Amino acid sequence: MPARQQRSGHVSISLVLIPLFAALTATGGIIRIPLPPVPFTLQTLFVYMAGALLGARRGAASQLLYLAVGLMGIPVFGAGGGPGYILQPTFGYLLGFPAAAWLTGRLTASLPGRIPAGKLIRSGLTAMPLIIGPGACYLYLNLTFISGTGITLWKTIWTGIIVFLPAEMIKLVIAAVITERLTAISRFREATHA
Amino acid sequence: MKQVNITLGQFLPGNSYIHNLDPRTKIFCSLSLMTLVLFVHTPQLLLFYLCVSVLLFFLARISPALAFRNLRPFLFLFVFTIVLHAVFTAGDPLWRCPALHLAVTGEGLLRGVFYTLRISVLVVMASLLTLTTQPMALTDAVEHLLKPFRKIGVPAHEIAMMLSISLRFIPTLLEEAERIKKAQISRGAEISGSLRQKLRSLVPLLIPLFLSTFRRANELALAMDARCYRGGTGRTNYIRLSFSLNDFIAFAMTLAAAVPVLSGVRS
């Protein structure tokens, strides 16, 4: 954690970058593009980018912070916020964000400078199950135990996994394009790793 | 885009018994109450906790209409719960739908309503915490509650600091996004149009947003350095948290509210 890395008298840039990325993911939860059938929010785009730009640990920390901010009642999750959101069937997807950011960070970490779009797409595809997996499990558990409704396995796979895939792919591609352009600016990489 | 009061979240200013409790007390008591409700399996007990939450709203001087507003995002879940229970619970059919081989049963409807009410009580209790506590007060409370864990390497102060930085910057980044969008439109960027165009327009919106975010991060780190910020050691707070008699009354009331569930578990 940032406290350990601090040099005497200098604020670690992580102490500032982590919350700013949490705020970016939050912005992604508020800005929405009306897209039938489900509104399209940008959170996961920032999840992949947090991993790629901040690295595994700081990326994961930023997403944990995002969850904390939402649970404190700021309406930054897809449909609001507050501690009651834990009971929403879709809360599981949010739980996967820190893990997905961490894995994306690990897989792109070896690159010294520019991150090619293809590399991020591949890393993102590997990390995507970490969002969708817990999401679908939570959906199943939530509907089975909290609301006491039975839901079949096939229905969980359809409504919890397949419906999300096209939008997730689009977001990953956009994240990859933006990350490639951003990391092409050398000044930018220096700033994140200071 | 709704931007009003985003930093305050759900907080409603007020001067009630609940508003004036220590935020640590509120976190502890609401978490305990929510855990208790999860163990409720009989309608009588549920009714008891429903009364408790109504009483709490009365103590906080918040109109119950606001509690309903917090339930709105759950509407889909409620309908889903009631319908599935009504259809799939065995019992005396009230109404049959021969085409689908389904029958709505009275038992099923009651069960659906029971589960719906239980989720509602949970959500309402959870929302009371954020309705009566400012996010910044919650941040302070989190720092205090995490302090004992510093020995095992939990950076309590840094977590609280980062929470306040993100709370501070969410509205700023939203404004920034809006400003960049307008700037790009004025330069002739296509924001509306076909789906493909809408998605393409995200690139000229997000790249400047990221660049300005990193610029802000550097400026903020520099500003903190210039003010000799050096973490949590020896730092004092403007607002000091302290427990009062009211907090102990709240603990006692929570304990009293736990009695029915705890005695039920034993028997």
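**Figure 1. Helix H9 of chain B has the span expected for its number of residues.** H9(B) covers residues 202–226, which makes 25 residues. At 1.5 Å a residue, the helix should span 36 Å. The C-alpha atoms at its two ends are 36 Å apart in this predicted model, so the two values agree. B:Cys228 follows H9(B).

**Figure 2. B:Cys228 has a positive phi.** This residue sits in the loop between H9 and helix H10 (245–266) of chain B. Its phi is near 60 degrees, and B:Cys228 is not a glycine. Most residues other than glycine have a negative phi. Is B:Cys228 buried or exposed? B:Cys228 counts as exposed, because its relative accessibility of 61% is over the 50% cut-off.

**Figure 3. B:Arg61 is another residue other than glycine with a positive phi.** Its phi is near 50 degrees. The loop that holds B:Arg61 runs between helix H2 (43–59) and helix H3 (64–71) of chain B. The relative accessible area of B:Arg61 is 68%, so this residue is exposed.

**Figure 4. Helices H1 and H6 of chain B pack at an angle of about 80 degrees.** H1 spans residues 23–38, and H6 spans residues 135–146. Their axes lie 8 Å apart. How are H1(B) and H6(B) oriented to each other? They are roughly perpendicular, because an angle of about 80 degrees falls in the range of 65 to 115. H1(B) brings B:Pro23, B:Arg24 and B:Ile27 to the contact. H6(B) brings B:Ala137, B:Leu138, B:Ala141, B:His144 and B:Leu145. Of the residues in this contact, six are nonpolar, one is polar and one is charged.

**Figure 5. B:Ala141 of helix H6 is buried in chain B.** Its relative accessible area is 0%, so B:Ala141 counts as buried. Which residues does B:Ala141 touch, not counting those up to four places away in sequence? They are B:Pro23, B:Arg24, B:Ile27 and B:Leu241. B:Arg24 is 117 residues away from B:Ala141 along the chain. Even so, the C-alpha atoms of the pair are separated by 5.2 Å.

**Figure 6. B:Phe114 lies in helix H5 of chain B.** H5 covers residues 106–132. B:Phe114 has a relative accessibility of 15% and therefore counts as buried. Beyond residues up to four places away in sequence, B:Phe114 touches B:Val40, B:His41, B:Thr42, B:Pro43 and B:Leu46. B:Met136 is 22 residues from B:Phe114 in sequence. In space, the two C-alpha atoms are 36 Å apart.

**Figure 7. Chain B is assigned two stretches as domain 1 and one as domain 2.** Domain 1 consists of 1–133 + 244–267. Domain 2 consists of 154–235. How far apart do the C-alpha centres of domain 1 and domain 2 of chain B lie? The separation is 36 Å.

**Figure 8. A:Ser123 is a buried residue of chain A.** A:Ser123 belongs to helix H7 (residues 117–146) of chain A. Its relative accessibility is 3%, so A:Ser123 counts as buried. Which residues is A:Ser123 in contact with, leaving aside neighbours within four places in sequence? The contacts are A:Thr104, A:Leu107 and A:Thr108.

Definitions and conventions:
Residues are numbered from 1 along each chain as its sequence is written. Chains are lettered from A and ligands numbered from 1 in the order in which they are written. This is a predicted model: local features need pLDDT of at least 70, side-chain atom pairs count only at pLDDT 80 or more; totals for chains, interfaces and linings use all residues. Side-chain values use heavy atoms; hydrogens and water are left out. Axes are lines fitted to C-alpha atoms, for helices over the stretch in contact, and angles run from 0 to 180 degrees between N-to-C directions. Helices (H or I, at least four residues) and strands (E, at least two) are DSSP runs, numbered from the N terminus. Contact means heavy atoms within 4.5 Å. Ala, Val, Leu, Ile, Met, Phe, Trp, Tyr, Cys and Pro count as nonpolar, Asp, Glu, Lys and Arg as charged, and the others, Gly among them, as polar. Buried means under 20% relative accessible area, exposed over 50%, partly exposed in between (1.4 Å probe, protein chains only). The expected span of a helix is 1.5 Å times one less than its number of residues. Domain bounds come from an automatic or database domain assignment.
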